[in-house]
Amino acid sequence: MRIGVLTGGSDCPGLNAALRAIVRKGVQEHGDTFTGFLDGWAGVLDDRTIPLDIPAVRGTLPRGGTILGSSRTDPLAGTGGAGRVKAALAAHELDALIVLGGVNTLTAAARLADEEGVPCVGVPKTIDNDIQGTDYTIGFDTAVTVATETIDRLHTTAESHKRVLVVEVMGRASGWIAVHAGLAGGANCVLIPERPFDIDRVCGYVESRFRASYAPIVVVSDSAVPAKGEVELNGLSGVGEWLGREIERRTGHEARTTVLGHIQRGGTPTPNDRWLATRFGLHAVDAVHEGDWGAMVALRGTDIVRVPLRDAVSGTRTVDAARYAENEIFFG
Ligand code: F6P
């Protein structure tokens, strides 16, 4: 078969591992040929491509980012987008399109498959882990690993100076990175977007931690919000810096904030992300050869299954109360 591939949305570690698996399996087992679209859906609309063969993916397993480039372009945002996607597939005589993306990129793939008959198969990737129907997405494990290592390091400097250390992690509308890294790193308070926080309570945890002769570590998701009032940025970079200032002002304890930012998305993928990305890639090729259009590969336990793309993108996978309660045991 002739297969197009694209990586869209925010990049993450593991994308190259998935591309390598797709090409290796397709070429070696089926004699497929691959066309890589550059910069996500933008490369489909503008017809910018590179040939993806075994030499092109050689040595890329441990490399972060994506050799195809990425963008947040939505092909269906303007008029005529679906026609341009179909024209690109026709121009390259492609039988299928494998789309590696987060919710937005995969939403376009779902609509193109369901409404326009475009032969798409999806692969879920995002450090946020917010895609429904899969236990984990490519990139999440690496982000949690980076955040956990950071928390480990901050414990020692917080202790030396008897300071509060606030760590802001990514995650957009879901707090998965925060709850996983917070639990693994022994955070004394974890704040997530799903649960608007009470600043007085946060300060209470800080005080009780100091009373126990330890320095507190507060982990906050980049989209967490207070239950009352607003985060007034006034030149601050985000909720993490705001929280550090507020804690210092209210408790009198010195506070510092570390904003992890794109470090969570860069660099080499963890072994778990390479494992997941490779297996997703292999199974995406199976889905293509079975003509399972509109399907997304997904992890259920340790098995790779398929779910309809339309279900996967129908909402955001968020942290529920029971999961958050596991973190709360360690607050204060
Ligand atoms: O969706 C991945 C993500 O890294 C989020 O966690 C974060 O909120 C956002 O993207 C950052 O976007 P950008 O790279 O455009 O700054």
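**Exercise 1.** Determine the strand order of the open four-stranded sheet in this predicted model, and identify its edge strands.

*Solution.* Step 1: the four strands are arranged in the order 7-8-6-9, and their pairing is parallel. Step 2: an edge strand pairs on one side only, a condition met by strand 7 (189-191) and strand 9 (255-259). Step 3: on average, neighbouring strands of this sheet are turned by 20 degrees against each other, direction ignored.

**Exercise 2.** Describe the pairing of strand 7 with strand 8, and name the residue in strand 8 that stands opposite Cys 189.

*Solution.* Step 1: strands of a sheet pair through backbone hydrogen bonds, in a parallel or an antiparallel manner. Step 2: here strand 7 and strand 8 (residues 217-221) pair in the parallel sense, over three bridges. Step 3: the residue opposite Cys 189 is Val 218.

**Exercise 3.** Establish which strands helix 6 and helix 7 lie across, and at what angles the helices run.

*Solution.* Step 1: helix 6 (residues 140-161) lies across strand 6 (164-169), strand 8 and strand 9. Its direction makes an angle of about 165 degrees with strand 6. Step 2: helix 7 (residues 176-185) lies across strand 6, strand 7 and strand 8, and runs at about 160 degrees to strand 8.

**Exercise 4.** State the extent of the annotated domain, its helix and strand content, and the confidence of the model.

*Solution.* Step 1: an unreviewed UniProt entry carries the annotation "domain: Phosphofructokinase" for residues 2-288. Step 2: this span is 44% helix and 16% strand, and its end C-alpha atoms lie 10 Å apart. Step 3: the protein chain has a mean pLDDT of 97, with 100% of its residues at 70 or more; ipTM and pTM are 0.97 each.

Terms used:
Residues are numbered from 1 along each chain as its sequence is written. This is a predicted model: local features need pLDDT of at least 70, side-chain atom pairs count only at pLDDT 80 or more; totals for chains, interfaces and linings use all residues. UniProt positions are given in the numbering used here, feature names are shortened, and annotations may be inferred rather than shown by experiment. Helices (H or I, at least four residues) and strands (E, at least two) are DSSP runs, numbered from the N terminus. Two strands pair if DSSP finds at least two bridges between them. Axes are lines fitted to C-alpha atoms, for helices over the stretch in contact, and angles run from 0 to 180 degrees between N-to-C directions. Two residues are in contact if their C-beta atoms, placed from the backbone, lie within 7 Å. pLDDT is the predictor's confidence in each residue, from 0 to 100.
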